[in-house]
Amino acid sequence: GHFALAAALAVVIPWWTGRLGADRVRVGSWQTATRLAVIVLYDIVASAVTVARQILGPEERIRPGFVWVPLAIRDAYGIASLASIITMTPGTLAVDVTPDRRWLLIHGLNITDEAAVLADIRNRYESPLREIFT
């Protein structure tokens, strides 16, 4: 019964409240969205294991830090999705977006190579999101 109610509400509420928003989300590629969802799920599990190992290991091996990520994506929904993906992945947190939506500040539990972090975010998340939110 709970599942049926949740499924009905998941369909009805967005349909009913969709009239309130000015912009509609347009998905450019459902195939890319599906592929991104699989990547994000894998990254969440892999990051949870990595964070657990880091927390249980020696504290001096952890190198927390902040990184400014230059954004190539301009769509507001895409930026929100990117920030959400980063925050959902254990060990990282999206902290702030500049008012001009050109930079995203993230905090990482273990930042040893800033360039690798930027490349990872750009290749694994931002690039597919740019295809999705065209």
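Where in the protein chain does glutamine 54 lie? Glutamine 54 is part of helix α2, and this briefing uses residues like that one to show you around. Please keep in mind that the model is predicted: local features need pLDDT of at least 70, side-chain atom pairs count only at pLDDT 80 or more, and totals for chains, interfaces and linings use all residues. Residues are numbered from 1 along each chain as its sequence is written, and side-chain values use heavy atoms, with hydrogens and water left out.

**The chain as a whole**

- The protein chain has 4 helices and 3 strands; these are DSSP runs, with helices (H or I) of at least four residues and strands (E) of at least two, numbered from the N terminus.
- Going along the sequence, you meet them in the pattern α-α-β-α-β-β-α.
- Taken along the principal axes, the C-alpha atoms fill a box of roughly 50 × 40 × 25 Å.
- The protein chain has 134 residues, and 28% of them are buried. Here buried means under 20% relative accessible area, exposed means over 50%, and partly exposed lies in between (1.4 Å probe, protein chains only).
- Among contacts with a separation of 6 or more, 74% are between residues 24 or more positions apart; a contact means heavy atoms within 4.5 Å.
- About 9100 Å² of the protein chain is exposed, with carbon and sulfur atoms supplying 62% of it. Such areas come from the Shrake-Rupley method with a 1.4 Å probe, and for residues only the protein chains shown count as cover.

**The strands**

- β1 and β3 pair in the antiparallel sense over 6 bridges; two strands count as paired if DSSP finds at least two bridges between them.
- Within that region, glycine 65 stands opposite glycine 108 in β3.
- The side chains of β1 alternate: Gly65, Val67 and Val69 point to one face and are buried, while Phe66, Trp68 and Pro70 point to the other and are not.
- β2 and β3 also run antiparallel, joined by 5 bridges.
- Valine 97 has leucine 104 as its bridge partner in β3.

**The hairpin loop**

- The hairpin of β2 and β3 has 5 residues between the strands.
- Arginine 101 sits in this loop, between β2 (92-97) and β3 (103-108). Its phi is near 60 degrees, a positive value in a residue other than glycine.
- Arginine 101 is partly exposed, with a relative accessible area of 42%.
- Threonine 98 lies in the loop between β2 and β3 as well, but threonine 98 counts as buried, at 17% relative accessibility.
- Leaving out residues up to four places away in sequence, threonine 98 touches Trp68 and Trp103.

**The nonpolar core**

- The largest nonpolar core has 22 residues, and Val69, Leu82, Leu104, Ile106 and Leu129 touch the most other members. A nonpolar core is a set of buried Ala, Val, Leu, Ile, Met, Phe, Trp, Tyr and Cys residues joined through side-chain atoms within 4.5 Å.
- Two or more residues of this core come from each of α2 (30-56), β1 (65-70), α3 (76-88), β3 and α4 (114-132).
- α4 gives the largest share of this core, 6 residues.
- Leucine 129 touches Leu36, Ile73, Gly78, Ser81, Leu82 and Ile85, not counting residues up to four places away in sequence.

**Residues to find in the helices**

- Glutamine 54, the residue we began with, counts as buried, at 16% relative accessibility. Beyond its neighbours within four places in sequence, glutamine 54 is in contact with Ile62, Leu109 and Asn110.
- Glycine 78 has its place in helix α3 and is buried, with a relative accessible area of 0%.
- Setting aside neighbours within four places in sequence, glycine 78 is in contact with Ile73, Leu129 and Phe133.
- Glycine 78 and threonine 32 are 46 residues apart along the chain, and their C-alpha atoms are separated by 13 Å.
- Alanine 76 is also placed in helix α3 and counts as partly exposed, at 36% relative accessibility.
- The C-alpha atoms of alanine 76 and phenylalanine 133 are separated by 9.1 Å, although these residues are 57 residues apart along the chain.
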